[in-house]
Amino acid sequence: MAGKASNSNEASQHNKATHRKKASLQEEKYVAYVSTYTQGDSHGIKIYDVDMENGRFIEKDKVEITNSSYVTISHNGKILYSITDFGVESYTILADGNLEMLNFAPINGMRGCYVSTDYTDSYLFVAGYHDGKLTVLRLKEDGSIGEITDEIFHKGLGSVAERNFRPHINCARMTHDNKYLLVADQGMDHVNVYRFDLITGKVLLADIIRSELESAPRHIKISRDGRFIYIVHEWKCYIDVYSYEEKNGQPIFEKLQSIGTCRCDKGSSNAASALTFSSDYKYLLSTNAGDNSAVLYSVDENTGMLTEVFCLPVSGEYPKDASLFPNNRFLVSLNHETNDMTFFHVHPEQGTMVMNGAPVKVNVPNCIIFHRL
C-alpha cells in the first residue's frame, strides 16, 4: 500500500508540474510590431496584441512615423529602433508593449532599409540600399541614438544589367562574438566582413564572402551559438550556410551547404525575401515573391545544416517577411503587394501549413518582430 501511495503522489506531483508549465506558457504575453511604408497613412508602425492560443493578432496601437522600412529590438529588450525617412528613430518599449519615442537621428544619406545593434547595445548599424552606404551610430546609455561614428560607401560595378550594376547594401549584422560586422551587398553579389572597433565605432574591411554572380545576397541570420551563418540570395532563390570561427585574429568562413528556397521553373520570375529564425532556433523561415510561398527548414544545431520541412503558398502576393509565432504553432506572412497579413496553423512534424482565418489588412507591410512582455 505504501508503494502505491508513493506512486500516486509522484503522479500527482508530475501532473501538477505539467499543469503549471502549461499555465506558464498560456500566461506569456506577446506583442507584434509590424513596420510599413506610409502611403496615405502616417502611422508606419502597427502594434498588435498576439493571441497565442488562436494564432491571431488584435490591433493595439499605431505609431506615427514615415516609411518604416525595418525595425529591430535591442538585445536587452528595452528599445525598438526603426528606419524612417532621412534617418532612424528610437522608442522605449513600455510595460504593455506600446512605444514611447526617445529621439530621431539623421544618417547623412538616403533612407535605409535595415537596422541592427551590436551585442552590447552600444552601436546601431544602418544599411542603405539606395546609396550603398553603411552607417554606424553610437547609442547612449538610455538607448537613444547618438552621433555617427563611421560611414562607408560601397564602391564598384557588378554585372551591368537591371538594378545590380552598383552597390546596394541590404543587411548589416554583427557576429555573436561582437568582432565582425557582416554587410550584404546585393548589387555586388558579396558580403563584406568588417572588423569592428568597439571603442571608436570604426569598421575596417577584413574579408569578403563571395556569392554567385547575380545571386543578390539579401539578408543574414546567425545561429544561436554563433557558429553558423545563413545568407539568403534574392535573385537566385537559395540559402548558403557557412561555418564561422576566428583563428589567429582572422575570421574564417567555410561553406557547408547551398539549399533552394523554391522550386523555380525555368523562365519563372521569383525572388527570395525573408529570413527568420523561430524563437527557439529550431527552424529557419524564408519566403518567395513570384512563387508567393513560405519555406520552412529544420535546423541541425550541431552541424548547422538545413532540411526543408515544407514550401507552401501564403495566399497573398510578395510575402516580404514572415514569422513563426513563439510557440511554433502558427505562422504569419506579410504580403507587400496585397496589403495584408495571412495566418496559418503549422505542424512542422507533419510538414503542413493550413489557413487560419481571414487576412488582416495592413498597407505595404515590410517586416515583423515579436516581443515578449
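Strand 16 and strand 17 pair in the antiparallel sense over five bridges. Strands here are DSSP runs of E with at least two residues, helices are runs of H or I with at least four, and both are numbered from the N terminus. Two strands pair if DSSP finds at least two bridges between them. This is a predicted model: local features need pLDDT of at least 70, side-chain atom pairs count only at pLDDT 80 or more, and totals for chains, interfaces and linings use all residues. Residues are numbered from 1 along each chain as its sequence is written, and side-chain values use heavy atoms, without hydrogens and water.

**The four-stranded sheet**

Strands 16 and 17 belong to an open sheet of four strands, in the order 16-17-18-19, with antiparallel pairing. Its edges are strand 16 (217–222) and strand 19 (250–260), each pairing on one side only. Neighbouring strands are turned by 25° against each other on average, direction ignored. That angle is taken between axes, which are lines fitted to C-alpha atoms; angles run from 0 to 180 degrees between N-to-C directions. Strands of a sheet pair through backbone hydrogen bonds.

| Strand pair | Bridges | One bridge in the pair |
|---|---|---|
| 16 and 17 | five | Ile-222 with Ile-229 |
| 17 and 18 | six | His-233 with Tyr-238 |
| 18 and 19 | ten | Tyr-244 with Phe-253 |

Two hairpins appear here. Strands 16 and 17 form one with five residues between them, and Gly-226 in the turn has a positive phi of about 80°. Strands 17 and 18 form another with four residues between them; there, Cys-237 has a positive phi of about 55°.

**Strand 17 and its surroundings**

Is strand 17 enclosed or open? Six of its six residues are buried, so strand 17 is largely enclosed by the rest of the structure. Buried means under 20% relative accessible area, exposed means over 50%, and partly exposed lies in between (1.4 Å probe, protein chains only). Phe-228, Tyr-230 and Val-232 point one way from the strand. Ile-229, Ile-231 and His-233 point the other way. In a regular strand the side chains alternate between the two faces of the sheet.

Ser-223 sits in the loop between strand 16 and strand 17. Ser-223 is buried, with a relative accessible area of 8%. Beyond residues up to four places away in sequence, Ser-223 touches His-176, Phe-228, Tyr-230, Phe-277 and Tyr-281. Contact means heavy atoms within 4.5 Å. Leu-284 is 61 residues from Ser-223 in sequence, yet their C-alpha atoms are 9.7 Å apart.

**Thr-135**

Thr-135 lies in strand 10 (residues 133–139). At 1% relative accessibility, Thr-135 is buried. Its side chain makes a polar contact of 2.6 Å with that of Lys-133. Leaving aside neighbours within four places in sequence, the contacts of Thr-135 include Ile-107, Phe-125 and Asp-150.

**Cysteines**

The whole structure has zero disulfides. The cut-off for a disulfide is a pair of cysteine sulfur atoms within 2.5 Å. Why is Cys-113 not bonded to Cys-171? The sulfur of Cys-171 is the closest cysteine sulfur to that of Cys-113, but at 8.3 Å it is too far for a bond. Cys-113 is buried at 17% relative accessibility. Cys-237 is buried too, with a relative accessible area of 4%.

**The chain as a whole**

The protein chain has one helix and 29 strands. Of its 373 residues, 54% count as buried. Among contacts between residues at least 6 apart in sequence, 47% join residues at least 24 apart.

Note on methods
Polar contact = N/O pair within 3.5 Å; in protein donor to acceptor, adjacent residues only side chain to side chain.
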